[in-house]
Amino acid sequence: MADIGISAFSLFFMGSPSFLAHQRVLAQGHGQSNCQTLFGMAAIPSDNYIRAMLDGAEPTAFDGLFYDALATLAAGDALERFLRVDGRPLIALDGTEYFASRKIHCACCSTRRRSDGGTEYFHSFVGASMVAPGHQQVLPLPPEFIIPQDGAEKQDCERNAVKRWLAKHGPAMAPYRPIYLGDDLFSCQPVAAAIQAAGGNFILTCKPSSHPTITEYLTGIALEEHRLTLVQPGKRATHVYRWLPGVPMRDSKDAISVNWFSIEIFNAKGKRTYYNSFVTDLPVTADTVAELAAGGRARWKIENETFNVLKTNGYNLEHNFGHGKKTLASVLVVLNLLAFAFHTVSQLCVLAWRNAMAAWGARYHFFENLRSFTALFIFDDWTHLLQSIEDPKAHPP
């Protein structure tokens, strides 16, 4: 089972576009030796055998490896790059879809009716990524899959999945004092209460249309205001922050008290180029509002630097590597996310990896070399491979 799991993981770690192509590269030439030296595999299972054996495995079996990646960041003094508000990490939560079909389906599929009356089956999950404004890298954390729940009459949804994620992973993340970020869908009392119960705080998008109680409190009141002018080469912008503390999240006696704040950005000509508003359970003052707003806006990084990268930058998240009848589709997604997390750790903590990537510029050139070198030559270890990619003349295979 170890060889089977590592073989599937190596597919995503090496950035291979398909199971078949990856298995052929491993099996030909000296590929098997590199499997032993680089991945510690004793044998190379066939792709069909991998799918058959992983179908039914619990996706949560790999959760601990995500925390190993986080611990490695901390040990390598790279976690500091993700710390922002009072030295705390920001964890963005959001849902995404990775499979849809009208024919292929399994017991874990969700369903929806299309306009022509047909039924479409699909898979989705709630992802969590550690993000930071001004920092390009993100660190994926274990996902929570949106699947039919035992005993539930209604279909599963993102809000329920987020609450399950917080119940499962909140205790493990609590020592880091996380601040959770989310869009307007998660900006509701049940999710906010779940975040606080998990030992975290929140900065959540707050649209006026979905928060009538807060909008009523804001009507006709003088708000606290803070202006900040930022000058960059060839660009000048004015940021206007407004806030109102101590407003109820909803119209009920048990409503959580939150602090509302907004950010407006005007260009040099006075034209508004951006506006958004948030709610948080953190104190909002003239000294903290700018940093809180930057943190709230960093929520977009889970869409741009996580989901978009997974779907368009070589991870092929939406490709059907194998659907199975039980949990195969979910297990392969977890391994894909895990490979992404390990890539982030490698780039931040492994000098040889960073130098090899820098030598080839574009990311896809680096992974092309990673695959082609291992298909042709035997390497003693990862350092030997990475140094050979960085400078093939100085470090011949």
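Which side chain meets Lys301 in a salt bridge? Keep that in mind while we get our bearings; we'll select the pair later on. One thing to know before we start is that this is a predicted model.

**Stop 1: the whole chain**

Show everything as a cartoon and colour it by secondary structure. You should be looking at 14 helices and 10 strands. The radius of gyration is 23 Å, close to the 21 Å that the globule rule gives for 397 residues, so the chain is as compact as a globular protein of that length. Switch to the C-alpha trace and turn it around: along its principal axes it spans about 75 × 55 × 40 Å.

Now try a surface view. The accessible surface comes to about 18,400 Å², and 52% of that belongs to carbon and sulfur atoms. As for what is hidden, 50% of the 397 residues count as buried. The chain also brings far-off stretches together: among contacts between residues at least 6 apart in sequence, 61% join residues at least 24 apart.

**Stop 2: the nonpolar core**

Hide the surface and select Leu54, Phe261, Leu335 and Phe366. The largest nonpolar core has 113 residues, and these four touch the most other members. Next, colour helix H11, residues 328-349, which gives the most to this core, with 14 residues.

Zoom in on Phe261. Leaving aside neighbours within four places in sequence, Phe261 is in contact with a long list of residues, including Ile203, Trp243, Phe278, Val284, Val289 and Leu292. Arg242, Asn276 and Ser277 are on that list as well.

**Stop 3: one step along, Ser262**

Select Ser262, which sits in strand S9, residues 257-266. Is Ser262 buried or exposed? It is buried, because its relative accessible area is 2%, and the cut-off for buried is under 20%. Not counting residues up to four places away in sequence, Ser262 touches Val240, Tyr241, Arg242, Tyr275, Asn276 and Ser277. Arg242, Asn276 and Ser277 may look familiar, since Phe261 is in contact with them too.

**Stop 4: salt bridges**

Time for charges. A search of the whole structure finds 18 salt bridges, and we'll visit a few.

Start with Asp116 and Arg102, whose closest N and O atoms are 2.9 Å apart. Asp116 is in the loop between strand S2 (110-113) and strand S3 (119-131), while Arg102 is in the loop between strand S1 (90-101) and S2, 14 residues apart. With a relative accessible area of 56%, Asp116 is exposed; Arg102, at 43%, is partly exposed.

Move on to Glu303 and Arg299, another salt bridge, with the closest N and O atoms 3.3 Å apart. Here Glu303 counts as partly exposed at 24% relative accessibility, whereas Arg299 counts as buried at 5%.

Now for the opening question. Select Lys301 and Glu305: their side chains meet in a salt bridge, 3.1 Å from N to O. Both residues lie in helix H10, residues 301-312, and they are 4 residues apart, about one turn of the helix. Lys301 is buried, with a relative accessible area of 14%, and Glu305 is partly exposed at 23%.

Before leaving the charges, select Glu225, Arg227, Arg242, Glu264 and Arg272 together. Salt bridges that share partners join these five into one network.

**Stop 5: Pro133**

Go to Pro133, in the loop between S3 and strand S4 (139-146). Pro133 is partly exposed, with a relative accessible area of 23%. Which residues does Pro133 touch, not counting those up to four places away in sequence? They are Arg84, Leu90, Ala294, Gly295, Ala298 and Lys301. So Lys301, the partner of Glu305 in the salt bridge, turns up again among the contacts of Pro133.

Add a distance label between the C-alpha atoms of Pro133 and Glu291. They are 158 residues apart along the chain, yet the two atoms are separated by 9.3 Å.

**Stop 6: a patch on the outside**

Finish by bringing the surface back and selecting Met1, Tyr49 and Met53. Together they make a nonpolar surface patch of about 320 Å². Met1 lies in the segment before helix H1, residues 2-13. Is Met1 buried or exposed? With a relative accessible area of 56%, Met1 is exposed.

How values were computed: Residues numbered from 1 in each chain as written. Predicted model: local features only at pLDDT ≥ 70, side-chain atom pairs only at ≥ 80, totals over all residues. Heavy atoms only, no water. Patch = residues over 30% accessible without salt bridge, like charges linked within 9 Å, V, L, I, M, F, W, Y side chains within 5 Å. Areas by Shrake-Rupley, 256 points an atom, 1.4 Å probe, with all protein chains shown as cover. Salt bridge = Lys/Arg side-chain N within 4 Å of Asp/Glu carboxyl O. Helix = DSSP H or I, 4+ residues; strand = E, 2+ residues; numbered from the N terminus. Buried < 20%, exposed > 50% of the residue type's maximum accessible area, 1.4 Å probe, protein only. Rg over C-alpha atoms; globule rule 2.2 N^0.38 Å. Contact = heavy atoms within 4.5 Å. Core = buried A, V, L, I, M, F, W, Y, C linked by side-chain atoms within 4.5 Å.
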